Amino acid sequence: MRRAALLCLLLATTSPAWAQEKPAAKGPDHREQMKAEAEAAWAKPPVEEAAAVSKGAVTVGGQRIAYTATAGTLTIRDDDGKPTASYFYTAYTRDGAARDGRPVTFFYNGGPGSPTIWLHMGSFAPVRVTTANPEYIRPAPYGFGPNPDSLIDKSDLVFIDALGAGWSRPLGDKTGKDFWGVDQDADGFARAILRYTSKFDRWPSPKFLFGESYGTLRNPVVAAKLEEAGLSLNGMVQFSTIMNYGVRQPGYDQNFLTLFPTMAATAWYHNRLQNRPADLPAFIAEVRAFTSGPYAAALAKGSAISAEEKAAIAKKMSEYTGISEAYILRADLRLTLPRFQTELLRDRRLAVGRLDSRYLLNVTDANADSPSDDPASTAVTGAFVATFQDYATRVLGYKTDMPYRMTARGPGFDWDWKHRTPDGSGTHLMPNSAVDLAYTMRTNPYLKVLFINGYYDFATPFYGAEFDVNHMLLDPQLQKNIHFTYYDAGHMVYLNPTTLPQMHRDLSAWYDDALRAAASSRPPARPEAKAAQN
């Protein structure tokens, strides 16, 4: 009995300890709650296509044109119908125009990885940022308003952001890497254009591409993909062109040739020539002849060139660029762009811009061999970004919590430069989409191509575009479909407001020519069909 009593006493005294050792009930996990709240508030691209529609009007050539603006997204899908990406676009369509004969033009900038804010806010949309020539735009408030040089009088306009830039984003399990490459990027844009064409019933409309900078490398690749999908283009605008990255590899002399006429134009503009010609185009024609003739022959000889020929070439180069013969000889006749930028106006402690060599940068170190910044870029960025952010939300009415990305570049951005050509000739490790353009022009002999060039553009020099076109080996009849224009401006030709009216006139004439060519190619109707129409 005593042992039983002791056992009961022991159990009674230890029971509370046992109770305390039992696991306590869990309270709320604040980390999980915060994670759930963040997931719920995550601004994601819409799978269902969004659209904000507004109305506007602009006067072009004395004619008031009413238009509809649509800011929204295009959902592209893979061949199985699975959504893969959401592309942001802004479209301007002329009210009351019949869609069958009304052209539609698709615009995009370059980078690669840039949104289409520059072409949208600066060139041929019905609205435009006010720019000076060539000056830094002062901080806010910025000038912005109707664009009297808009192309809305000739074509409906669709501006599309690249994937990962602006408000364009991948969907589902896709990431930016699935679109960041020459062929991947072009495939995405081609699908976005096909989606717009189907969504808005634009298959009967004449269709054009308008690319700037890397967008001009993209244009021929997209055109070939569209052709394969059954969409034949009427025209293509190559605005500040770079189609060939292969010649820019170290060890090749072609890029020194490509840059030289722009160096001469820059020296002419800044009055660094001893006997400065009065006429720039005539001067450039002379420099072209020297570049493709004596200069190209001299570089081709490499170290085998004689001292006498080398001295003679250096003397001529100095006359055309204002750079001393001694400096050119020390560089073995090969002037790199950064060194030219800092050497031309070194005595004034100034460097010239890359995108537009009319813009100047005060250098910290007068002995520097390269500029620390590109003044042509920083001069306008603030005005374009601020104006678009306000315009998109307040006027276009597009609402989203997603940030508008000024570039797709960042962690994880690694562009795939390999390119498979449509003619079956193989894979380029560095692309040359002039091959694609030649292929598409042979496939579609009515395709018209316009090259728009600024004399002071070092990013995509005009001589490079001329070289690539001359090596497309087109027959004379197809060569007639290619046209070049030149302006007193740099990479973003539209920053010079005095060039816009002339560009509009040139583009208007070119559109008319492209549409006439399309009309002339239409087979005549059979007699019984004509009778039925009557």
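## Exercises on the cavities, the pocket and helix 6

The second largest cavity holds about 50 Å³ of space. Keep in mind that this is a predicted model, where local features need pLDDT of at least 70, side-chain atom pairs count only at pLDDT 80 or more, and totals for chains, interfaces and linings use all residues. Residues are numbered from 1 along each chain as its sequence is written, and side-chain values use heavy atoms, with hydrogens and water left out.

**Exercise 1.** Find which element supplies the largest share of the lining of the second largest cavity.

*Solution.* Start with the term: on a 1 Å grid over the protein atoms alone, a cavity is a set of points where a 1.4 Å probe fits but cannot get out, and lining residues have an atom within 4 Å of a point. The lining includes F88, Y89, T90, I117 and H120. Two elements, strand 3 (83-94) and helix 3 (117-122), give two or more residues. Strand 3 takes the largest share, with 3 residues.

**Exercise 2.** Work out which helix gives the most to the lining of the largest cavity.

*Solution.* This cavity has a volume of about 110 Å³. Among its 15 lining residues, N244, V247, T258, G464 and D468 lie nearest the centre. Helix 6 and helix 14 (462-470) each give two or more residues. Helix 14 gives the most, namely 4.

**Exercise 3.** Say whether helix 6 is largely enclosed or not, and check its span and its bend.

*Solution.* First the span: at 1.5 Å a residue, the 16 residues of helix 6 (residues 254-269) should cover 22 Å, and the end C-alpha atoms are 24 Å apart, which agrees. (The expected span is 1.5 Å times one less than the number of residues.) Next the bend: helix 6 turns by about 30 degrees at F260, with a proline, P261, following within four residues. That angle is taken between axes fitted to the seven residues ending there and the seven starting there. Then burial: 14 of its 16 residues are buried (under 20% relative accessible area, 1.4 Å probe, protein chains only), so helix 6 is largely enclosed by the rest of the structure. Just after the helix comes N271, with a positive phi near 60 degrees.

**Exercise 4.** Describe the lining of the largest pocket (an open set with protein on both sides within 12 Å along at least five of seven lines).

*Solution.* The pocket's volume is about 620 Å³. Of its 28 lining residues, G111, S213, R354, L355 and H491 are the closest to the centre. Strand 9 (207-213) and helix 11 (375-378) supply at least two residues each.

Note on methods:
Buried means under 20% relative accessible area, exposed over 50%, partly exposed in between (1.4 Å probe, protein chains only). Grid points are joined across faces, edges and corners, and a volume is the space filled by probe spheres set on the points.
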